Every structure is written in C-alpha cells, then in structure tokens.
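Colleague: Hi, could you walk me through this one? I'd like to get my bearings before I head back to the bench.
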Amino acid sequence: MGKFLARRLLNYVVLIFLATSFAYLLAATNLQPRVYFEQMQPPPPPEVVNSQLDTLNLNDQTPLAQRYATWISGVVTGDFGKNIQGGEVSGQMWMKAGVTLRLITVATILGSALGIAIGAYAAVRQYRAFDKAATGASFFVLSIPTVVIAIVIQVLAVAVNDGLGFTFLKYVGEYSAGFQGNWWETLVNRIHHAILPTLVLALALFAAFARYQRNMMLDVLGSDFVRTAMAKGLTRRRALFKHALRTALIPTITYFTFTFGALVSGATFTEKIYGWHGMGAWLIDSIARQDVHVVAAVSWFMAVTIMAASFLSDIIYAWLDPRVRV
Amino acid sequence: MSTETIVDSAAADSERTRPTPVLEVTDLTVTFRGFNNNPDVKAVRGVSYAVHRGEVLGIVGESGSGKSVSSMAAMGLLPDHAEITGSVRLHGEELLGKSDREMARKRGKVISMVFQDPLSGLTPVYTVGDQLAEAVMVHNPKGGKAKARARAVELLELVGIPNPAERYRSFPHEFSGGMRQRVMIAMAMANDPDVIICDEPTTALDVTIQAQILDLLRTAQRETGAAIVMITHDLGVVAGFVDRLLVMYAGRPVEIGSVDEIYYSSRMPYTMGLLGAVPRMDLEDQGALVPIKGNPPSLSALPPGCPFAPRCPLAQPECDDSEPDLLPVGSAVRTEDGRTRVRDDGEQRVACIRSGEIDANRWTAQDIYPVPEIPEAEAASARREDLPEVLRVRDLIKHHPLMKGSVFKRRVGTVYAVDGIDFDIREGETLALVGESGCGKSSTLMEVMGLEKPERGSIEVMGREVGSLSRSERFSLRRDMQIVFQDPMSSLDPRMTVFDIIAEPLRTHRVGAQAVTERVYELLRLVGLNTEHATRFPAEFSGGQRQRIGIARALALEPKLLVLDEPVSALDVSIQAGVVNLLEELQAKLGLAYLFVAHDLSVVRHIADRVAVMYLGKVVEIGATKAIYEHPSHPYTQALLSAIPVPDPERERSRTHIVLEGDLPSPANPPSGCSFRTRCQKFITLQESDQEQCMSAEPRILPTNGDDQASACHFAERQAGLV
Amino acid sequence: MTTVTETTQDVPASPPAPNRIKDLARQLIATRRVIVGIVILVLLTLFALLGPVISPWNVGERDYTALLQGISPDHWFGTNRTGLDIFTQTTAGLQKSLLIGLLVALISTVVAALVGAFAGYFGGFTDRALTWIADLALVLPSFVILAILSRHFVGNGGWLILVVLLAAFSWMVTSKMVRGLTISLREREYIHAARFMGVPPYKIIFRHILPNMSSLLIADATIMVSTAIIGETALSYFGLGVQSPDVSLGVVIADGASFATTAPWVFIFPTALLVLLVLGVNMIGDGLRDALDPTAKSRRS
C-alpha cells in the first residue's frame, strides 16, 4: 500500500513538473518582458533594459535552455524567481492563494450543500413539480457563463444601491480601502464584501451539483437495497434518507473534491470582476505585464491543486466506500 | 419437510371452520400507468389466494407473469404510480389503502420478504450486522442498540454464518451470494413474522447453495411457524417444498390446486406444457422435450380471449371470445344434452374452457403438444474410439492475477482458474462441462476459443496443436469452431441487423456477397426463423429467438465443433425446450460435436453423451452421461446430483438431499491435497489416517466403473446407485 | 419492445437497407426537451446566417453619426460607443460562436472516442500510455496556455488555432468515459464472438464498440458544444478569445459589459442570444443523454 501510494505520488510529481515546465517555456517564448521595459516613460536606454532583464533572468538574448536551467534550479528550492517589478514571486503567491482559497471554500461548501439537498429531493420527486422547477432552474443557470452571472449580479447590486441611496451591497474589492477598525469591524467589512462574489460562484456550483446529485440519486432509488430496507419496516422516507442518500453521496463527495481543485482557475472571472486579488486575477494581470515567472508560478499552483484534489478524491472515495476500500 | 397436504375431500367444509387465513389476497390487480403515450401495463389482473399458518403456497410462472408484482403489492413496496385494486388482508385486516407509515409497522414484523438477488439486496455501505440490527431496532426502538446487536449475532448464527460475532462487522461485498441470502433470510426472520414471502430466493444461486438455502427456509418456517409464499419459476424447487401451488400466466392465475393435483393431473394446457418442457434429471430417456410455441403476450396489449390461446395446442375459436374464469375442473363443459356437468373433488381450479375434456380424456402434455421427431445421428452406431478427435485438451492451466481494490489496484495473489484438466471430444459427440460458478468452466472455454498457446499443457483442435499455429493458420482454424453464448441479450450486437450479424463471420472469412446472402437465408430457415426477420434488430426478438440467431451465426462457417456456453440457462422453461430440441436436431443433421458448458444438470442429462464435472479448476469426474448419473463415484458428483430438486412431488418427498457445508473455497487459495475435502460429506466419515491422505495427497483421476468413467477421489465409490 | 412472432412459413424477400438512425430518431422525438432545443437551435442558426445579410450595415462598419444610440429603425439593436451596429455584430458573433462550438465538439469527440476506445480495448501498455497523456493534458493549465497563445489568434483563420486549442483541452474527460465503457463493452459476448470468428481488433473497435456508444458520444458532443461556447465567451471577456476583425458573441458581450447599466441594449441582446443558444444546446444534449444512457435510466419502466 505504501509503495503503491509512493508510486502514484511520484507520477503526480512528474506530471506537475512537466506541466509547469511547459507553461514556463511557453511563457518565456511568447511573452515579451523586453517590451514591458521599452514602453516605460521615459524609455530607458537599451543597456539598462538588458541589465534589468539579466537580473530578473528574463533576457531573451540569453539562450532559453540557460534561462530555464536557472529558473528550475530555483524552483526546486522553492524559489519561483522574481516578478517583473523585482518582487519575490513565492511570497506573493501564498498571499494570492489565500485570497482565492477563502473565496472558493465558502462558495463550494454553500453551493454543493444546497445543490445536493435540492438534487436529491428532486430525484425523489422525479417528474413532479419540484423536480421540474429544480431542473429548469439549474438548467438555466448552467446555460449562463459565469462571466455573465458575475456582471448581471453586479449590475443588479448597483441598481439596488441606487434605489436605496446608499451602498447596501459591496461589489468591489476584498475590503474597503484604508479601512480601520478593530478585528470585529474588519471581519464584518470583509464578509460584507465577500457576499456577492461568493454568491456568484455558489450559484454556478449549485446548478452543477443539483444535476449531478439528482442523477446519482436516481441511480440508487430503484436499487434492491432500498426495497430491502423498506421490507424490514423502514418507511419510504427513512429508507431513502438512510440507505439511498448515503450511498448516492459517495460519488458526489468525490466530485466535490475534484470541483474544488478545478475552481482555482475557475474563480478567475469572479475575482477579476469583483476586484479580488486572487490567483486568477494575478494571472490575467501578469500576462498583460509580460511577467513570465508569475505565469509559471500560477501554472504550478493550478497543477498542484488539480493533482491534490484528484488524489484526495480517490482517498476519500476509498474511505467512504467499503467496496473499494483496501 | 411436511408432507401433509391440505387437500381432502371435505375441503369445502373445513374452509368454513378454519381460522382466518394469515394472508388473504382477493381480486388483486396492479396496473402501471403508461407515460408519454406508452400504453398501460396490466401486470396483475385478478389474483386471489389465501395462506394459513404453517402452510406453504407456491406461485409459479415465467418471467413477466406478474408473480413478483403481486407480492410486492401485498407488501406495499410498489412505487406510487402503480394502481392497485382488490384486497389484501393480513389476519383479516385490510392492507391496501394503508399509509406508508402504517405499512412500515407491518413490514418486517408481521409480513416479511426474501428477495431474489442477494447481490444488490443489501446496502453496500453498511455492515451486514448493522443492517440486521436495524431490522430488529426499527420494530423495537426501546430495546436499545446493544440488545439489537446481540439479537443480530444470534440470528446470524441461526442462519448458519460461521463466526457470527466477527462476521457482524463484514460488509456485504465480503460475503458470498449464499451467505448474503442467509443474511436476507435472517432479516426476514428477525421479528418472528407470520408470513414470509420468498421471491425466487434461490434463483441466483448454485445448486449446492440452493439446497442449503431451501434447508434453511424449512428451518425458518419451523422456528417461526410462519406461512410461506414461495414465488419461483423452477418447478423442481417447489415440488418438494410447497403444499399448494398457484400457476400464473400473463398476470392471472390459470390453475390452482394441491401440489399433487398440479403435478399429476394438471388440467390446464399451459401448466401441462410447462411440466413437459422441463428436462428431467431423474429420467434416463425422456425423449424430446415439449416445446410451447410462441411467446408470452405483451401485458400492455392483451387480446380479449384466453391469453394463452395463441400458444395453446387445444385452442378453439371460442377461446378468443372471453377470458376463462378460474373454475373447478370441467365446470364450464356442456355435455351434448345441454346440461352443465360439474366435477368437484378437491381444491383444483382451472382457467380453461376445455379442462373438462382434458380431464375426461386424461390427456398429458405428450398427447396434446406436437413433439418433434429428432432424427438419430449416424455416428451413434460407430465405436467412440474409432471416431476422429475434434478437440483434445491436455493438462491445461490458466492462472489469473488476483487484483484487489478498484481505486488502488494491485496484485495480491493468483487465481488458479483452470488447474490442469484433460478431456477430449470426438466427432458428433457432446461433452458437457458442469460445475458451480467459479469452478473454471468459463475460463476453460475462453482458453479453448482463444486458440493461443496455453500457459501449460496443450490444446489440439482437429488434431492440430494450437500453440504452433501461424497467424493465418489460426485464422482459418477458427472456421472449424464457433461459440454460442449464454446471454441472448448481450451476445448480439444491438446495432446490427440480423442479416449483418449472421453474415459477419462469412464476410470476415471473405465469402462472396452473393454466397453470403444465400447462406444467411439458408441459416435462418435452418434455425426456424423467417427470412423476413433478416432486416430486424435483435431488440425486436424474444430471448429464445435471439438464441436461435446466435446459433445461426455460429453455424455460418460450417464448424465441426460448437462450443455452447450455458445456451439455455437465461431462457424461460417453455422457450428453453425449443432451443434444446433445435440443438439436438442440428447435431443429428450436421454431425456437429458440442462442448456444452452448463450448471443445470437436468439439461445436461438430456443433451450430453459424456459429462466432465469440474471443481476448483480441476475435473473431478468424467464419463458417459448414463454412468455418471446412475453411479456417480465422486462425492462431489453425488452431492451435486442429490442437490437438484426434481419436478415430481412424491419422489421429492422421499429423496434425501446431501447438503454440502459452506461455500466454494476461493480459487486463489485452494485447500491442500484434495481440494474438495473441506466440504466433502465423505471426508467426515473417514478414519483419521484416511483423512490424512485426503489432506496431503492430491487425488489423480483414475478409472472407476468401466465405461471410461474416471474420478479423482482417493475413496471413489464404485457402483453406488443414487438419485 | 415489439416481439416478432415465431412462424415457419417462408417469405423470401430481399432485405431493405437497415435503418440505424431510426432508433435514435424515435428516442429523440419522445423527449420534448430535445425538440424544444432543436427548434431553438434551428431558429438561432437561421438568425445567425440571415442576420448579417439582411442588415444594412457591414460587420465592423461604424456609424459615426450614431454613437451609443438605442434602438432605432437604422440600428435595430442600437449601436455601441464606437458606432458599431449591435444587430450586425451580434448575428455575426453568433455565427462564429456556433461555428467554434460545433468544431471544437467535433474535434474533441473524435479524439476522445479514438483515444478512449483504443486505451480501453487494448489495455496494458497502450492503455497506460494514453491514460498518462490524458492525465498530463488535464494537469496542463489550459487557461494559461490559451491566454499566452492568444496573440496568435489574430489574422485570417487565426480563430481556427483557438478552436484547435480549445479542443485539445476538452477531450480528456470524455475519453476517460469512453475508456470505461469500452472496458465493460469488451467483455460483452458479441465482442467475444467477433474475436472468436477472427475479426481484427481495429475492426472490432470501429464496427462494434464505437457504434454502440455512438448515442452517448453524440449526447456528450452536444454538451461539449455549449462548453466550448461558454469557454470562448469567458476568454473573450479578457480579450484572449477571438481577435478582431473576427467577432464572436463573447467579444460583443465583453465590449458591452461596462455599459450594462447605462446602455443596456449593448449588453442585453448579445447576452440573451448567448444564453438562449447555450440553453438550446444543453437541452438537446441533456435530453439525449437521458433518453439514451442506459445508466441514467428513469425509474418508470
């Protein structure tokens, strides 16, 4: 078992290494840090630009292999190089990751809990009014790109604020700029800002989870073991809750873990539109700034989260389902 | 088991004085409303029966006859969209119309049920013990968890689970099918119910396990004194088990009576056909089986008359007028002078307008059904040794890696699926490979059909060693051997027309287009199908017809050897007979050799010339069919034969079954010495020194009773009659 | 299911060509959702094809006399800040979005089917190698790669590169599903039968395995159409999708997003069309999956 896990982890490390290297090489050949410096006002002399690029290990006159070797030897020790303004990428990355994780944790938990409850109930009431309404709603939400949801909710917030005459719903930033207060007030201020972006993410997730849970639940509803439970003397409701739902939850929890991993990049739009300085927003900005090292670092982080999530979902699956447990 | 039957001449009188039946079903109908313009399905159309305390009622019918649905309705387990009318009384109390909550209090407490498929019947994520304890707790929540647990362990012990306290914590997937079925029975017994409904409780199990479960059900009945309703399609199982029998067809009872009345003097053509269609393990020369033509009607579009009329050999124009009622035998018959003659001596009720005529003439199935003439094969006269060998297998071995875990998959051992077997098949001969699931029959087939060099040993087809073949030689050798599979659902590509399916082997072996067309039509006629069927898809055919298509495909290249992998075990009895007859006819006509793999020893006796009995990857006994069935010399063969119930109540009552202990050991970890010793009924009777031999030395397969019968047992029995 | 009655009379007839899609078509018509979806999709396609033709303005043509104007007889959907006619832009964008969705779905489904079927049927080394490639593609940060390479989408046919890239990152999940299905299909008796009659493996895959999951593949491809359209819209929001002079719905929406409150017509029309398009496609795909997926069976039998 230990050997097996180790082999699998090694495979993951190799995949992550390849993915990150690929992203670095792509960014190093396609982004133009030189242009970033040349467009400064006033334009610096070429020697200054060159020396700047050299200190950052971004000079396109240095052979690519050499730049890559320098960069990767740093990555192995946990140093992701410097960003284009000279800051340490590693330190910034953990800060940005924190922002993203805070946002998506709450949103996934909220969205999935609601989705599971509604999906499971809809399955029990298949083809009845509730099922039709739930299916219709999740269908509609799934057909709207997150970008549009984010914008529409922002527009609605503006309308509500205008109507009320004061800023009832905050839709920009993580907290009010220059806000001073004790920890309690700070917390309230942050929650106030978090409501709308969390809602946007949770809404999209709710729809996906509702559909998924409904299908999983339908698969077990007709199962013989539900019939057995009823034959023992359980009421239909209790048999469904205790036997069917418990079994149907297993794949959903696996799905949950996986979604969480994929959401690190999925939250980009919400972050960008609501002015949160998370991973996704950082990536978009750094591409515009021709910032090779940040792009590579974000790629690494996304690869790690996806692998970690899929590994975790396997473990949770094995833990929850005695059939696949070793 | 109890041999008393409740029939006596004074049945009508005692009816009044008898206590209220435990369960009484009257005029029950169940209709599933069709959605999206689908027609309604009338699954049950007027079923009435009553069971008394300590009584066993059998309900027999083929798939789709409504036998299961009617009992599910009684339990209140049908989904909401099923419309149920009539009445179901439990101790005189009406159950229909009760709320789910009220029904839940009855279910598992007063009336309980054992289902067919123990594989999916238990919730996979809870331990069997907890599920059993739940059945106790739910009706006695004040009893406390500890008490429920203790009771669950007690129940596990009662149904014969070894180490019950330890096995309490096992999950369902860690149990074998037989053990899961024991748990289901324990659950049904948990609260000492008054009625236990058993819905095909042994259908998914092997014969030796079936014998164990039937034994257990008898114990359960003795322990609880409950009335039992036994639902099955197997006329053998019920013969020795039930007191009264109800035969269902197309959602309606067509005959009811005491078990002897039904088996020995059935007056309904359907029941008669059903009994004639069963191959008999206990009869040496049964002759051709009685096939019932056609298929059961669709329950959504029933004709107005008797639903069996289209298949009935006695059908008259009047049969199509209206559905006959369930009446005493002959009550509907008018004699020539216009008076109605009623004969009423017993409980038997029949839904056939010609029942009186059948009764008067004492007709049997052979009299009313046309029995096909099966030509005698020419080869039968020649001596076996003089015939050419079609297939010879020597010391064949097939070991699979044993994988564990589906998320973290890894190898943990080796399954000795086929562990050194020898046999041969001569031209025009049928060798049956029999044994329980997991004995290695299917692995043997796959090895033979794969035509690859085996891990050890050799396979010779038509005298050619397959390991030494070149690619093109192997390809052309495939013409000589073809296979027919068990499951008619999955053996035909659902997206191909019948024509394309039968033409595939021909096209693969580059037969010209014109020749392909001619051959396909010829084959269709050969297996008894219409040429117009060629353009249809497999889904439009019934199981029996699909099996015929599979046979036509296998015959396309004119093979000399046909491998038959359980070809009739998925079919209903009435359909099975037709396919068995077809196989016999084809063999005689075309001089085919068959390698017939089956677990049903009754069919084997009917069709095979020679039998090889397999146990844990080895052949334990081999020989001519007659010799094996009449003088089985290996204890396993004896147990296997003894476990099969015979569709003859009297004989069944007088038989003693050898019930083997426990389950088949894992083929990944076979016992030392003789692999059968752990379950052997003979082993326990042996002296210690002899037992030592069984445990240390693996018995070789040696001749026993002459007639080339051979068995692998240190203490093989010679000339010991059984059955 | 209808059952053919068994009779032995001979009716020699030359068989008409078997109709494989009959079955699928019948299933389709039984689901109302699919019909509604198809109607929506057909109407939108007509709209997308005819729109630019009947509009008095050309794609990319600016009316400097009407900047950010509402609905008028000249500009049926109004104009944006730079005087582009929203109706023309939207219908042209719809055309491109549809094309992108269909192409991405086509390419990725074909790749997924081939990779999954070969991996599942052959097992062993082939399986491990193909699965590893799929895993790698899953780990590659698709968004980063698309964003970095977005400057290559400029120019004539540049959007085809976008299509290829989108397809390259969307086949993996389907191919895993196909692989799983193939592994279970491989043990079907008709596959064994084909093998035992000497049919070579690649023929078994194309003749028996892929046709038997075709309905599922179609359903999945439909869902992929909407995923691709949504993905392109998202990229376009950051200017990383289709590049000018090409327009897609995403581009039009992105242009209009900042005017959503002040000049709603710039935002509402393209957005409504996009939602309608995705909804229609999803309805077809989901309905198909429900109708055809044997595992997603309804309890009503």
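Modeller: Happy to! One term before the sheet: two strands pair if DSSP finds at least two bridges between them. Please keep in mind that this is a predicted model.

Colleague: Thanks. So what is the strand order in the open sheet of chain B?

Modeller: The order is E6-E7-E8-E3-E9-E10-E12-E11, which makes eight strands in an open sheet with mixed pairing.

Colleague: And which strands stand at the edges?

Modeller: Those are strand E6 (111-114) and strand E11 (327-328) of chain B. Each has a single partner strand, so one side of each is left without a neighbour in the sheet.

Colleague: Let's look at E10 of chain B. Is strand E10 mostly covered or open?

Modeller: Mostly covered: E10(B), residues 252-258, has seven of its seven residues buried.

Colleague: How many bridges join E9(B) to E10(B), and do they run parallel or antiparallel?

Modeller: Six bridges link strand E9 (residues 244-249) to E10(B), and the two run antiparallel. Among the pairs, Leu245(B) has Gly257(B) as its bridge partner, while Arg244(B) is matched with Ser258(B).

Colleague: What sits between those two strands in the hairpin?

Modeller: There are two residues between E9(B) and E10(B), and Ala250(B) in that hairpin takes a positive phi near 50°.

Colleague: How is E10(B) joined to E12(B)?

Modeller: By two bridges, again with an antiparallel run; E12(B) covers residues 349-350. Glu255(B) stands opposite Val350(B) of E12(B).

Colleague: New topic, same chain. Where does Gly662(B) lie?

Modeller: In chain B, Gly662(B) is in the loop between helix H23 (649-654) and helix H24 (688-696). Leaving aside residues up to four places away in sequence, Gly662(B) touches Thr678(B) and Arg679(B).

Colleague: Why does Gly662(B) count as partly exposed?

Modeller: Because Gly662(B) has 15 C-beta neighbours inside 10 Å. A residue needs 20 or more to be buried and 12 or fewer to be exposed, with partly exposed in between.

Colleague: And how far apart are Gly662(B) and Ala220(B)?

Modeller: They are 442 residues apart in sequence and 18 Å apart in space, C-alpha to C-alpha.

Colleague: Over to chain A, then. Which domains does the assignment give?

Modeller: It gives domain 1 (20-76) and domain 2 (92-324) of chain A. Their centres, taken over C-alpha atoms, are separated by 37 Å. The contact between these domains takes 11 residues from domain 1 and eight residues from domain 2.

Colleague: Which elements give two or more residues on the domain 1 side?

Modeller: H1 and helix H2 (33-38) of chain A. H1(A) has the largest share there, five residues. By class, that side divides into nine nonpolar, two polar and no charged residues.

Colleague: Last one: how many residues does the contact of chain A with chain C take from each?

Modeller: It takes 40 residues from chain A and 29 residues from chain C. On the chain A side, the elements that supply at least two residues each include helix H1 (2-30), helix H8 (183-221) and helix H13 (292-320). H1(A) brings the largest share of that side, nine residues. The chain A side has 31 nonpolar, eight polar and one charged residues.

Colleague: Great, thanks a lot!

Technical notes:
Residues numbered from 1 in each chain as written. Chains lettered and ligands numbered in written order. Predicted model: local features only at pLDDT ≥ 70, side-chain atom pairs only at ≥ 80, totals over all residues. Contact = placed C-beta atoms within 7 Å. Helix = DSSP H or I, 4+ residues; strand = E, 2+ residues; numbered from the N terminus. Nonpolar A, V, L, I, M, F, W, Y, C, P; charged D, E, K, R; others polar. Domains from an automatic or database assignment.
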